[in-house]
Structures are given as structure tokens and as C-alpha cells.
Amino acid sequence: MDLVLFPKNASESIGEYAYRVLRKNIIQINLKPGFCLSPVEVAQALHASRTPVHGAFARLMTDGLVDIFPQRGSYVSMIDMKRVYESIFMRNLLDQAVIRILCERDIPEAGVIKLEANLQRQQFCYEKNMLDAVFELDNQFHELIYSLGGMDYLQQALQSIVADQHRVRFLKLHSHLRWEQTVDEHKMLIQAIHDKNVELGCRQSYEHVARFAVDIKSAYTQYPEYFTNWDDHYPDKFSFKLDAFYNMRNQ
């Protein structure tokens, strides 16, 4: 097992470190869906005992990233389309609400500058083919939006249901799907926040999330063995359901 390791934070326990390492390896598809996880091998790789590793497995099972079968072993879960569908529906609801808050408040210019700087770093890393860094920066971009809206705890809560969505986003990025369009969508979000344009901000937020349905289809076409509960109608339902929600919010 080629587990990608990174430095342990001084403040985190070995159990927290094991969870963070495994979660990142799973989301970034270094540990592929269906892969059998050996607690002994993980413990050896992390220079830890098996007790904190088992605890990390249990947390990852709660996140939907690991399936544990008694007497059979632990496996990296498949990307579950039902979980992806529900997390996108929730993200659409919350993102629009936070963007509305930002457009209606006096956000310090420094906040807008941070968003622009993040996007510039994303473009630089993408051009250098540093795709893992782009992925992390994109996560930070959306975290910053929630933070500027005073919704840090909401952002943390959202992370508990978006793990499968993150895996699809990672596949999208490494397949170079819609990169230029995604950058343009981010730029329009920043412009709407800067101009305090609620209508543009909410609409752009909706479209940014809704277009993910196209990305899911593309990712599935390339990696069908990574998915479960696939239904040909699911990606189409994303756009339909999200559009209905957007129209309801803006009547």
C-alpha cells in the first residue's frame, strides 16, 4: 500500500493524524474505491498502534469513505451517487444563502482581494500541473467565502457530507474537465460580491453547483468502476431539482 504521508501537526493526536492522512488519500483517489485497507499496514506506515487506526476507520465509515464488514475486512467505499446527489442539493441551498449574505453586507475589500489572490494561485498551480495544490486551493476558496459570511461552523458541518462530492471534483480536475469555465464562474462570483449584486451572485452560485451534473457524467464515463448506485437519471435530476429550488427562492 503506497500511502502518501505528510507532516503531523503538533497539536493533533495520532488518531486524528491517521484520520487526516487516510481521508486525504481516499478523497484524492490515491486509495481507490474498492481498495482493501489493512489496519496492520496502515499502522506500520504511520508508526502507530492499531487502536488509533481502528478509530480512524470508524470515523471514515461515518463519513461514507470506508465500508467495514465484520470478518471480511475494511474497504474504501465506492462513490455513492445517492450521497453525491444529496450533498450537492444541500450545498446548493447553503452556497446561495451565504452568497446572499455576502452581497448584502459591507465585506472588507481585503476579503475580495483574498478571493482574487486565491484564484490567481489556482491558475498558477494549474499551469504548472500542480493539480493537488489546485484542489486544496479550490477548497480554501469556498471555505473563505463561508468565513467572510461569518459561517465557519456551517462550513465545517458541510464537510461531513461532501466527501464523495470531493472525490468527483478531484477526478474532474485531474481529467482537466471544464477548468477554464470553472475559473470564469469563480470570477463572476467574486464580481457579484464586489458589486453587491444579489441576483447575479445567487444565480451564479446556482449555476456553478448545477453544472456539476455535467462533470459527474464525464467522470463516470472515464471511471465507471469507482461508482455505485449509478442511475442515468441522477445527473439530469440534479439540474432539474436545483433549478426548481432556485426558482422557488427567487420568486
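Which residue takes a positive phi just after H5? That would be Asn129, with a phi of about 60°. Keep in mind throughout that this is a predicted model.

**View 1. Helix H5 from end to end.** H5 covers residues 109-127, 19 residues in total. At 1.5 Å a residue, those residues should span 27 Å, and the end C-alpha atoms are indeed 27 Å apart, so the expected and modelled lengths agree. Just past the helix sits Asn129 with its positive phi.

**View 2. The two sides of H5.** Which residues of H5 are buried? They are Gly111, Val112, Leu115, Asn118, Leu119, Gln122, Cys125 and Tyr126. Looking down the helix axis, these residues fall within an arc of 150°, so they line one face of H5. Gln120 and Glu127 sit on the other side of the helix, and they are exposed. As for what the buried residues pack against, there are three partners: helix H6 (131-148), helix H8 (163-174) and helix H9 (179-195).

**View 3. Gln122, a side chain of H5.** Is Gln122 buried or exposed? With a relative accessible area of 1%, against a cut-off of under 20% for buried, Gln122 counts as buried. This residue belongs to helix H5. Leaving aside residues up to four places away in sequence, Gln122 touches Val134, Leu137, Asp138, Phe141 and Trp179.

**View 4. Ser74 in strand E3.** Now for a strand residue: Ser74 lies in E3, which runs over residues 73-76. Ser74 is buried too, its relative accessible area being 10%. Its contacts, again not counting residues up to four places away in sequence, are Phe35, Cys36, Leu37, Phe57, Val66, Asp67 and Ile68.

**View 5. The largest pocket.** This pocket holds about 460 Å³ of space. Fifteen residues line it, and Arg20, Arg23, Lys24, Ile27 and Glu136 are the closest to its centre. Helix H1 (14-27) and H6 are the elements that give two or more residues to this lining. Which element gives the largest share? It's H1, with six residues. If you care about the chemistry of the lining, it divides into seven charged, four polar and four nonpolar residues.

**View 6. The second largest pocket, between residues of H5 and H9.** Here the space comes to about 160 Å³. The lining is made up of Glu109, Val112, Glu116, Leu119, Gln120, Gln123, Lys187, Ile190, Gln191 and His194. H5 and H9 are the elements giving two or more residues to it, and H5 has the largest share, with six. Some names here should ring a bell from View 2: Val112 and Leu119 are among the buried residues of H5, while Gln120 is exposed. By class, the lining has three nonpolar, four polar and three charged residues.

**View 7. The largest cavity.** How many cavities of 30 Å³ or more turn up in a search of the whole structure? There are three, and the largest has about 250 Å³ of space. Its lining takes in 18 residues, with Asp138, Arg169, Lys172, Thr182 and His208 nearest the centre. Asp138 has already appeared in View 3, as a contact of Gln122. H6, H8, H9, helix H10 (198-210) and helix H11 (212-222) each supply at least two lining residues. H6 gives the most, with four. Sorted by class, the lining comes out as seven nonpolar, five polar and six charged residues.

**View 8. The second largest cavity.** What is the volume of this one? It has about 160 Å³. Of its 14 lining residues, Arg91, His142, Gln155, Gln159 and His166 are the closest to the centre. Helix H4 (81-104), H6, helix H7 (152-158) and H8 each put at least two residues into the lining. H6 has the largest share of this lining, with five residues. The classes here are three nonpolar, six polar and five charged residues.

Methods:
Residues are numbered from 1 along each chain as its sequence is written. This is a predicted model: local features need pLDDT of at least 70, side-chain atom pairs count only at pLDDT 80 or more; totals for chains, interfaces and linings use all residues. Side-chain values use heavy atoms; hydrogens and water are left out. The expected span of a helix is 1.5 Å times one less than its number of residues. Buried means under 20% relative accessible area, exposed over 50%, partly exposed in between (1.4 Å probe, protein chains only). The arc is that of the directions from the helix axis to the C-beta atoms. Contact means heavy atoms within 4.5 Å. On a 1 Å grid over the protein atoms alone, a cavity is a set of points where a 1.4 Å probe fits but cannot get out, and a pocket is an open set with protein on both sides within 12 Å along at least five of seven lines; lining residues have an atom within 4 Å of a point. Grid points are joined across faces, edges and corners, and a volume is the space filled by probe spheres set on the points. Ala, Val, Leu, Ile, Met, Phe, Trp, Tyr, Cys and Pro count as nonpolar, Asp, Glu, Lys and Arg as charged, and the others, Gly among them, as polar.
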